[in-house]
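Visitor: I am new to this structure and would like to know how its descriptions are justified. Could you walk me through it?

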Amino acid sequence: MVKKTAALLLMTAMLLSACGGKNEAVPNPGRNNGGTNTAATSDASGSSDAAQKTEAEKSDAGKSAANPKNAEDAKKEGSDQDSASGQNDQAAVPLTYHLNKAYNIVPNDENGEKKVVLLSFDDGPKKAEWINSLIDTLDKHHAKAIFFVNGYRVKENPSLLKLIHDRGQIIGNHSWDHISLRKESEAKVRQQIEDVQKIVKDTVGEAPVFFRPPFGEGGDIGKKIAKENGLLYMTWSNGSLDWTMKSKGTDNPQKLIKNVLDQLHPGSNILMHELPWTTEALDQLLTQLESKGYTFVDPRSIELEMR
Ligand SMILES: [Zn+2]
């Protein structure tokens, strides 16, 4: 009898904790820490730094403003649901947020926590040193981010992709070559997106579920093909402008922090890059965001359908 009562109490406790606070920051279940991914089928040579392009040059440069939401996204698309492939591990994280049409992150529940930001780092993977530094800081702040990668860089150095994945961060698709997709043929856009899906899946065992077009320019075709691949298409709503900075700028970290804070709003979708001054700024930036009451949304808690 005592045993039965104890078991009942235990079950009740488990049920209650499973239902949890509906919009709390998602604890990190460490879904990537299993080390079960053995597929390293990329044919890249693994040579690293030699082939790297100059840092800021290939970024989301020039023509894109800090906030590109008006650039080309006025049109709405049908919202018929495609089933999302490659999202096998998502079950562990409740889907409590969604992306709105201005690319902001919004709680599904109107009483949910609105003061959140999404952190993202584009144009890698470039260097283990920078990746480790970024993730050390993310870990310190219990934050998850999306690393939007380019296929050509993954091919050059697949071990860096594994590093991001194995350290529990989320990988997004940023096209193969980092070209503007807006004026490319459908076949070319498909290749630019789907080749990245494949190399990421082959390298870390799961394909991305987030897509960000270079320069924020995916066009209607890019949106369509992203959707066909179960990818949530996004640009950003808070540009750090880190990609406009030059390596000589000693005050880059402070400028970056100011840029983000100047544009800060609930649901900010913050665009940053794998750049040295960004790694340098990150700890202070996250501390300041926290001091303003913001938390960091777990990308895996975001629904894969914009609304
Ligand atoms: Zn980019």
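Guide: Below, we go through some descriptions and the reasoning behind them.

Visitor: How do you know how far to trust each part?

Guide: This is a predicted model, and pLDDT is the predictor's confidence on a scale from 0 to 100. The mean pLDDT of the protein chain is 80, with 70% of its residues at 70 or more. Residues 1-58 stay under 50, and there the model has 55 contacts beyond four places in sequence. Residues 69-90 are also below 50, with 32 contacts beyond near neighbours in sequence.

Visitor: What is the protein chain built from, and what percentage of it counts as buried?

Guide: The protein chain has eight helices and ten strands. Of its 307 residues, 42% count as buried. Among contacts with a separation of 6 or more, 82% join residues 24 or more positions apart.

Visitor: Why are α4 and α5 called roughly perpendicular?

Guide: Two packed helices are described by the angle between their axes and the distance between the axes. For α4 (residues 158-166) and α5, the angle is about 70 degrees and the axes are 10 Å apart. Angles of 65 to 115 degrees count as roughly perpendicular, so α4 and α5 earn that description. On the α4 side, P158, L161, K162 and H165 make the contact, and on the α5 side V200, T203 and V204 do. Sorted by class, this contact has four nonpolar, two polar and one charged residues.

Visitor: What makes K255 partly exposed?

Guide: K255 has 17 other C-beta atoms within 10 Å. A residue needs 20 or more to be buried and 12 or fewer to be exposed, so K255 is partly exposed. K255 sits in helix α7 (residues 252-262). Its C-alpha atom is 8.6 Å from that of L241, which is 14 residues away along the chain.

Visitor: Which residues of α6 are buried, and what do they pack against?

Guide: In α6 (residues 219-228), the buried residues are G222, K223, I225, A226 and K227. They pack against α5 (186-204), β6 (210-211) and β7 (232-233). Just after α6, G230 has a positive phi of about 70 degrees.

Visitor: Which members of the largest nonpolar core touch the most other members?

Guide: Those are F147 and L232, in a core of 63 residues. Leaving out residues up to four places away in sequence, F147 touches F121, G124, I164, Q169, I170, I171 and G172.

Definitions and conventions: Residues are numbered from 1 along each chain as its sequence is written. This is a predicted model: local features need pLDDT of at least 70, side-chain atom pairs count only at pLDDT 80 or more; totals for chains, interfaces and linings use all residues. Two residues are in contact if their C-beta atoms, placed from the backbone, lie within 7 Å. A nonpolar core is a set of buried Ala, Val, Leu, Ile, Met, Phe, Trp, Tyr and Cys residues joined through C-beta atoms within 7 Å. Helices (H or I, at least four residues) and strands (E, at least two) are DSSP runs, numbered from the N terminus. Axes are lines fitted to C-alpha atoms, for helices over the stretch in contact, and angles run from 0 to 180 degrees between N-to-C directions. Angles under 35 degrees count as roughly parallel, over 145 as roughly antiparallel, 65 to 115 as roughly perpendicular and the rest as oblique. Ala, Val, Leu, Ile, Met, Phe, Trp, Tyr, Cys and Pro count as nonpolar, Asp, Glu, Lys and Arg as charged, and the others, Gly among them, as polar.
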